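Biologist: Could you take a close look at one part of this structure for me, the aromatic pairs, and then walk outward from there into whatever surrounds them? I'd like one connected story rather than a list.

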Amino acid sequence: VQALRLAGWRVRQVAKDEPLDELAVHSPDVIVIDVQRGTLGPTIDRIRGGPGTESTPLFAALDADDLKDGALLKRLTDFCLRPANRDELAARLRRLVNRPAVTQRGTDLAVGGLVIDQRGFTATLDGQQLDLAYQEFQLLRFLVGHPDQAFSREQLLARVWGWDYYGGSRTVDIHVRRIRAKLGHPCAGWLHPVRHVGYRWSPEPRGAVGADGGGRA
């Protein structure tokens with residue numbers, strides 16, 4: 001909490017046993033969860049069950065053992081490992097708040113000329129359907145839904161494939177290469193490699209532009 005306030009965030013702290021009704025009143029830009037192991041799932045249930053927080057990004061501080069729970073990780077927008085580095089924490093939260101907006105059309109995600117049909121499991125670019133394999137679609141959908149955020153290969157495996165997947169991280173590289181080939185120029189350039197980290201989806205001006213400014217946590 002102190003690190004966030006020093007970084008310029010307006011923070012409203014809520015203890016785990018306190019009612020969460022005020023979360024909606026304060027309209028936080030992001031909800032940061034730091035709870036004991038084994039209580040994260042119930043905490044997420046409480047937050048998502050409250051009014052006005054259904055779509056608020058959830059960020060959690062995790063222990064290494066928590067990374068084995070793929071189902072739990074998929075319920076989070078982003079996370080960091082304990083002990084959290086102050087600068088990393090502030091940077092990750094800024095990404096969540098200032099990320100480029102993705103237009104939601106019913107169950108579709110749209111950015112620029114790219115439209116992700118989450119119900120029909122199809123993607124089109126400028127009206128032309130992309131020939132994506134199932135896992136390519138899942139990876140593209142995840143990245144489009146989390147624009148301007150860098151993910152390691154291990155994080156992508158956990159979020160997209162699940163921790164019960166036994167393939168190596170090279171699987172991510174192969175799928176990214178195939179997706180970029182199918183997107184073609186210039187959209188392939190929206191899927192950026194991040195040196196020593198992994199990949200980041202950052203649309204150029206053809207896509208949506210995020211807002212600047214501080215945030216509430």
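Modeller: Happy to. The structure holds four aromatic pairs. One of them joins tryptophan 190 to tryptophan 201 edge-to-face, with 5.7 Å from centre to centre and 80° between the planes. Tryptophan 190 sits in the loop between H8 and strand E10 (191–194), while tryptophan 201 belongs to strand E11, so to speak a link between distant parts of the chain, eleven residues apart. Both tryptophan 190 and tryptophan 201 are buried. Elsewhere, ring pairs join Phe121, Tyr134 and Phe137 into a cluster. Keep in mind that this is a predicted model.

Now follow Trp201 inward. Trp201 is among the residues with the most contacts inside the largest nonpolar core, along with Leu114, Ile116, Leu139, Leu143, Val144 and Leu156. That core has 28 residues. Strands E5 (108–111), E6 (114–117), E7 (122–125) and E11 (198–201) each give two or more residues to this core, and so do helices H6 (134–145), H7 (153–161) and H8 (170–183). H6 provides the largest share, six residues. As a general point, nonpolar side chains tend to be buried together in soluble globular proteins.

For a feel of the packing, look at isoleucine 116. Leaving aside residues up to four places away in sequence, Ile116 touches Thr107, Asp108, Leu109, Thr122, Ala123, Phe137, Leu140, Arg141 and Val144. Phe137 turns up here again, having already appeared in the ring cluster with Phe121 and Tyr134. There is also a second, separate core of 15 residues, which includes Val35, Leu62, Leu67 and Ala158.

Ala158 brings us to H7, where Gln155, Leu156, Leu157, Ala158, Arg159, Val160 and Trp161 are buried. Seven of the nine residues of H7 are buried, so this helix is largely enclosed by the rest of the structure. Just after H7, glycine 162 takes a positive phi of about 95°. On the other side of the helix in sequence is strand E9 (residues 150–152), which contains serine 152. Serine 152 is buried too, at 16% relative accessible area. Not counting residues up to four places away in sequence, Ser152 touches Val197 and Gly198.

H8 is the next helix to look at. Its buried residues are Thr171, Val172, Asp173, His175, Val176, Ile179 and Leu183. Those buried residues pack against E6, E7, H6, H7, E10 and E11. The length of H8 checks out as well: at 1.5 Å a residue its 14 residues should span 20 Å, and its end C-alpha atoms are 20 Å apart, which agrees. Glycine 184 follows H8, and its phi is positive, near 75°.

One of the buried residues of H8 is charged, so to finish, here are the salt bridges around it and elsewhere. Aspartate 173 meets arginine 153 in a salt bridge, 2.7 Å from N to O. Because aspartate 173 lies in H8 and arginine 153 in H7, the pair ties together parts that are 20 residues apart in sequence. Aspartate 173 is buried at 8% relative accessible area, whereas arginine 153 counts as partly exposed at 24%.

A search of the whole structure finds nine salt bridges. Another is formed by aspartate 34 and arginine 82, with the closest N and O atoms 2.7 Å apart. Here the partners are 48 residues apart: aspartate 34 is in the loop between strand E1 (31–33) and helix H3 (40–48), and arginine 82 is in the loop between strand E3 (78–81) and helix H5 (86–98). Aspartate 34 counts as exposed at 55% relative accessibility, while arginine 82 is partly exposed at 28%. Asp34 and Arg82 also belong to a network of salt bridges with Asp63.

Finally, arginine 75 bridges to aspartate 45, with the closest N and O atoms 2.6 Å apart. Arginine 75 is in the loop between helix H4 (70–73) and E3, and aspartate 45 is in helix H3, 30 residues apart. Both are partly exposed, arginine 75 at 35% relative accessibility and aspartate 45 at 43%.

Conventions
Residues are numbered from 1 along each chain as its sequence is written. This is a predicted model: local features need pLDDT of at least 70, side-chain atom pairs count only at pLDDT 80 or more; totals for chains, interfaces and linings use all residues. Side-chain values use heavy atoms; hydrogens and water are left out. A nonpolar core is a set of buried Ala, Val, Leu, Ile, Met, Phe, Trp, Tyr and Cys residues joined through side-chain atoms within 4.5 Å. Buried means under 20% relative accessible area, exposed over 50%, partly exposed in between (1.4 Å probe, protein chains only). Helices (H or I, at least four residues) and strands (E, at least two) are DSSP runs, numbered from the N terminus. Contact means heavy atoms within 4.5 Å. A salt bridge is a side-chain nitrogen of Lys or Arg within 4 Å of a carboxyl oxygen of Asp or Glu. Rings of Phe, Tyr and Trp (its six-membered ring) pair if their centres lie within 6.5 Å; planes under 30 degrees apart count as stacked, over 60 as edge-to-face and the rest as tilted. The expected span of a helix is 1.5 Å times one less than its number of residues.
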